[in-house]
Amino acid sequence: MVRYIIRRLLGALAVLFIVSLVTFGLFMVVPVMTGASPAYLYAGKNPSPELIANIEHGLGLDKPIPEQFYMYMKGIVAGRTDLTDGTADGSRPCPAPCFGYSFRYQSPVWDIIKDRFPVTLSITVGAAIIWLSLGIGVGVLSALRRGGFADRASMVFILLFLSLPSYLFAILLLYVFVYGLKWLPPTQYVPLTESPVKWFQALILAWITIGFGSAALYARLTRANMLETMSEDYIRTAVAKGLPRKTVVRKHAMRAALTPILTIAGLDIAFLLGGAIFVEKVFSLPGLGLLFVEAIGKQDLPVIMGLTIVSSLFIVVANIIVDVLYSAVDPRVRLS
Amino acid sequence: MTQTIDSSASLPSAPPTSFLEVRDLHVTFPTDDGMVRSVDGLSFKVERGKTMGIVGESGSGKSVTSQAILGLHNSTRAQVSGQIWLDGEELVGKSSEEIRPLRGNKMAMIFQDPLSSLHPFYTIGDQIVEAYRVHNKVSKDVAKKRAIEMLDRVGIPNAAKRVDDYPHQFSGGMRQRVMIAMALVCDPQLLIADEPTTALDVTVQAQILDLMRDLQKEFNSAIILITHDLGVVAEIADDVTVMYGGRAVEQGSVRDVFYSPQMPYTWGLLASMPRLDRDRKGRLDPIPGNPPSLINLPNGCVFSPRCVYRDRVGAACVTDRPDLTPVSDTHRVRCHIPAEQSQRIWLNELNPNL
Amino acid sequence: MTITTSTESGTGVPLRPDALLQVRNLRKHFPITQGILFKRQVGAVKAVDGITFDIANGETLGLVGESGCGKSTAGRTIAKLLEPTSGNIIFNGADITGYSRSQMRPLRSEMQMIFQDPFSSLNPRHTVGTIVGAPYRVQGSLSDKDIKTRVQGLLERVGLNPEHYNRYPHEFSGGQRQRIGVARAIALQPKLIICDEPVSALDVSIQAQVVNLLEDLQSEFGIAYIFVAHDLSVVRHISDRVAVMYLGQIMELADRDTLYSQPRHPYTHSLLSAVPLPDPDSGSRRERILLTGDLPSPINPPSGCVFHTRCWKAQDRCKVEVPLVREISAGHQIACHFPEDRPVFGQGGQTIHGPAPTDQELAAQERDRDLARGGAVTGENIAHETELGWQKRQD
């Protein structure tokens, strides 16, 4: 087991290395090759050639590309001390994990990500709670009452939220609850530690937008899985043993039906942790998604790269966690 | 058109003397295409210590019958009528919750595919303990001891160690032993075995049949053995019900059915299988055609469209439903061919050519 | 006439050089690998482990044995749906062992396969006409109209209504689907059809219909069959010669009557004695041999004679020395040090028990099961995928 996790972590490092290599190539090497040095993005309007040269030197862009990549990777692991803003005394300390300095914010990328991450985390956790409880609840219920009223009602719910585009839903929510009914103040993110109430008010619409949409999807998956599991031979065995229906459903059917759903949930959550771009934008929540949008708008390459690597880290780690959990639930899966 | 004599109106309501008695059982599934009459007026009796073999091909209603006895049919999708008397208690009118204390306790079931019939996520010990504790208020430790005892009894080597293994860690034959141990853990008086050896190899099948015979002697249980394999029935059953199109077409002691069968379908089954204990035939004699649709059952005898002896009787076969008529104290046959004539056909035309 | 010259397979088995199909010392091992990026082989499932036999034109060879004995793998390897690990397959005089897929394509018209499951081996989205006509279309020499005429002729020949040309597989019953499979297989008038459990999914009354059909086609077109099945009575009915397999090896091979009336290998005896007979009184008339335990794992087959762990006649020699296949009478080959002499349905009433497995053996079995499961690829997976792959091209 431990050996398996170590092997998987090594594999994950390899994946992250490749992701870094590709993003580095895409954002740092390709522009240089096409003659548009990233230094121009950094320098502001109409820079002098000296300034460009200085910046290039400060960013290490004048070094051979393999060395640049080596420095970049080394920075992530051990931090960098060689970054300057191009002036003689403009040394920029960048402790590990160092993804470089943001062109726009003039501060280490990692600090910005650290700063923004709690917002995205809040969105993700809240939304996941909604979609898992609602989705699985509705799915199980409709599978058990197949063809009954609850089943048909949940079908309507599923169809509605699967077909309703989330941008429409988000804007609808915004108009109804913020501008129409005025139940909620115009969104302004406040950290949980500062004011739980305001934090909640700022996030609830985002949670609902993501939560309901995903809940519909999860309800459909859960329903299908539950129906399939309920027709399995081992469920018939459980009934034939004389177990109460409650035990059959909870202990025998749900455990088998929900295991694959948790796998998908793990990956969905990891994906969302990389930033809920659209929802953050609509509700002006300064999370990683919004940061990504801003970074792209400003061509803030170090931030884009840092975010790409961090979000792939989430996915790779979630994959490992999901696999380990799966093997804990399903004894047929062996980790070796 | 004549009706089966034992129609529901004339059913006796007095509790029977047999341990299990099924009277005029009907199981119908309404579907979009029409009513599927899976079991259509089936009656039989089983005593403790005896084995009733129910033989039939797919769609004959044999498995549906077994699940009806255990009350496993979903009441929203299946309509069950008739009477099932188990030890003086009538089961058909009971709700699922009322039958539940009997399931796994007084009557238990083993299924065809032991791998898919065991929950893959729980150890076999857990699953047997669960079966025991749902009917017996004992601690987990006591139940586990009981589980090990049962596993040992059904011939699982190293039972004390293997009780903590998962189903996939056993071979097919061992899994069926586990299923048997689980079914017998509460000392059921009725055991329903639905194709218990069909998924197993022939040498393992021999072991399992041997085990079932031993256990029956030990526990004095009544067994209903459902199978398509005439060899298995001959080996283990005391009485046989041959089913076709949801009805019993021939019923009798195992010797009645194998040594003097009187229904053309039973003949067809015996003639179509190659037999190791006879000289090799040049050609097999298959039953022509295909099994009937259970939605549109043929008029008259259900078997008449495939029956090669139809012409010897005349129109009755396609217009009148034959009744299950006694030809001796133990033997009943549903066929328009007069008993004497069918005996002659069997002795002179069929038996020599098997 | 048989010529006892061939020692190439190391067995001294008489072979017929004029045979349609010659199988020499054929092996199919499925590697078990571990590791994520770098796979290393940690063992092999020895599904088929050195089998040798011949089939003449128009002959039926039954391959019989319990699940896991390698009979299906043998059939698929001979049809080249699986790559042989070693040995030779000589079909129609040509050594096809190393043939690539494209080299095999022209041969597909001469060597066909029929599968067990008539539900999954037909593409549900194709009409019967498309499925049965596929072999002609692959050949490409006939017009659509000619193909239709031929296909309808084939459907009629296998007992289906030619007007059902445009129906889909799900509209047919199991027996009818198997007839469709048969029609497809005989479309190009092959010389050899490998039938993999062709009737085991069918009801008894339908089984007989398909068996008769196969026999009729054989006498009409002179097709040779390899009939892979676990049902000893069906195999006896249809085969001219029968090979009994156990753990990837042929234990006994003889003509049908000899094998069933005077079997010499203890394993054949135990198989025959285990078949339940539709005769309630037979129990008291026949000998009963109850093998204990399960089939050992094909990953670590027992040393010496692979059957020794379950054989009631096994002696020390059986544990160390592999019994060579030898001919004990004309055309009757067995691999056993101590052949059995008793007739098979002889002195009844008495029960012979095989030796109980030792704890070590049980532990080893468990370990192997784990290994097989943990390994990246199991034999079954490979066989399944390859079969489907071929099916798709066929359809």
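These exercises work through two domain interfaces and one residue in a predicted model.

**Exercise 1. The domains of chain A**

Task: State which residues make up each domain of chain A, and give the distance between the domain centres.

Solution:
- Step 1. Take the domain assignment. It places residues 2-108 of chain A in domain 1 and residues 110-329 in domain 2.
- Step 2. Take the centres over C-alpha atoms. Those of domain 1 and domain 2 of chain A are separated by 34 Å.
- Step 3. Count the contacts. Domain 1 of chain A brings 26 residues, and domain 2 of chain A brings 25 residues.
- Step 4. Add the area. About 2300 Å² is buried between domain 1 and domain 2 of chain A, with 76% of it from carbon and sulfur atoms.
- Step 5. Find the main contributors on the domain 1 side. A:Arg8, A:Phe27 and A:Phe99 supply 25% of the area that domain 1 of chain A buries against domain 2, more than any other three residues.

**Exercise 2. Polar links and helices in chain A**

Task: Which side chains form the salt bridge with a distance of 2.6 Å, N to O? Then describe the side of domain 1 of chain A that touches domain 2.

Solution:
- Step 1. Count the salt bridges. There is one across the interface of domain 1 and domain 2 of chain A.
- Step 2. Name the pair. The side chains are those of A:Arg8 and A:Asp323. The N to O distance of 2.6 Å lies within the 4 Å cut-off for a salt bridge.
- Step 3. Count polar contacts. Seven residue pairs are in polar contact between domain 1 and domain 2 of chain A, both residues at pLDDT 80 or more.
- Step 4. Assign the helices. On the side of domain 1 of chain A that touches domain 2, α1 (2-33), α2 (38-43) and α4 (65-78) each supply at least two residues.
- Step 5. Rank them. α1(A) gives the most to that side, with 13 residues.
- Step 6. Sort by class. The side of domain 1 of chain A that touches domain 2 has 20 nonpolar, four polar and two charged residues.

**Exercise 3. The domains of chain B**

Task: Describe how domain 1 and domain 2 of chain B meet, from area to individual residues.

Solution:
- Step 1. Set the bounds. Domain 1 of chain B is assigned as 16-106 + 188-276 + 288-353, and domain 2 as 117-187.
- Step 2. Locate the centres. The C-alpha centres of these two domains of chain B lie 30 Å apart.
- Step 3. Count the contacts. Domain 1 of chain B gives 19 residues and domain 2 of chain B gives 13 residues.
- Step 4. Take the area. About 1400 Å² is buried between the two domains of chain B, and carbon and sulfur atoms give 64% of it.
- Step 5. Name the top three. B:Pro188, B:Leu211 and B:Phe219 supply 32% of the area that domain 1 of chain B buries against domain 2, more than any other three residues.
- Step 6. Check the charges. The count between the domains of chain B is one salt bridge. B:Glu218 forms a salt bridge with B:Arg153, with the closest N and O atoms 2.7 Å apart.

**Exercise 4. A serine of chain C**

Task: Is C:Ser205 buried or exposed, and which residues does C:Ser205 contact?

Solution:
- Step 1. Place the residue. C:Ser205 is in helix α6 (residues 204-221) of chain C.
- Step 2. Test burial. C:Ser205 has a relative accessible area of 0%, so it is buried.
- Step 3. List the contacts. Leaving aside neighbours within four places in sequence, C:Ser205 touches B:Glu57, B:Ser272, B:Pro286, B:Ile287 and B:Arg306.
- Step 4. Pick out polar contacts. The C:Ser205 side chain makes one of 2.8 Å to that of B:Glu57, and one of 3.2 Å to that of B:Arg306.

Key. Residues numbered from 1 in each chain as written. Chains lettered and ligands numbered in written order. Predicted model: local features only at pLDDT ≥ 70, side-chain atom pairs only at ≥ 80, totals over all residues. Heavy atoms only, no water. Domains from an automatic or database assignment. Contact = heavy atoms within 4.5 Å. Buried area = accessible area lost by both parts, 1.4 Å probe. Polar contact = N/O pair within 3.5 Å; in protein donor to acceptor, adjacent residues only side chain to side chain. Helix = DSSP H or I, 4+ residues; strand = E, 2+ residues; numbered from the N terminus. Nonpolar A, V, L, I, M, F, W, Y, C, P; charged D, E, K, R; others polar. Buried < 20%, exposed > 50% of the residue type's maximum accessible area, 1.4 Å probe, protein only.
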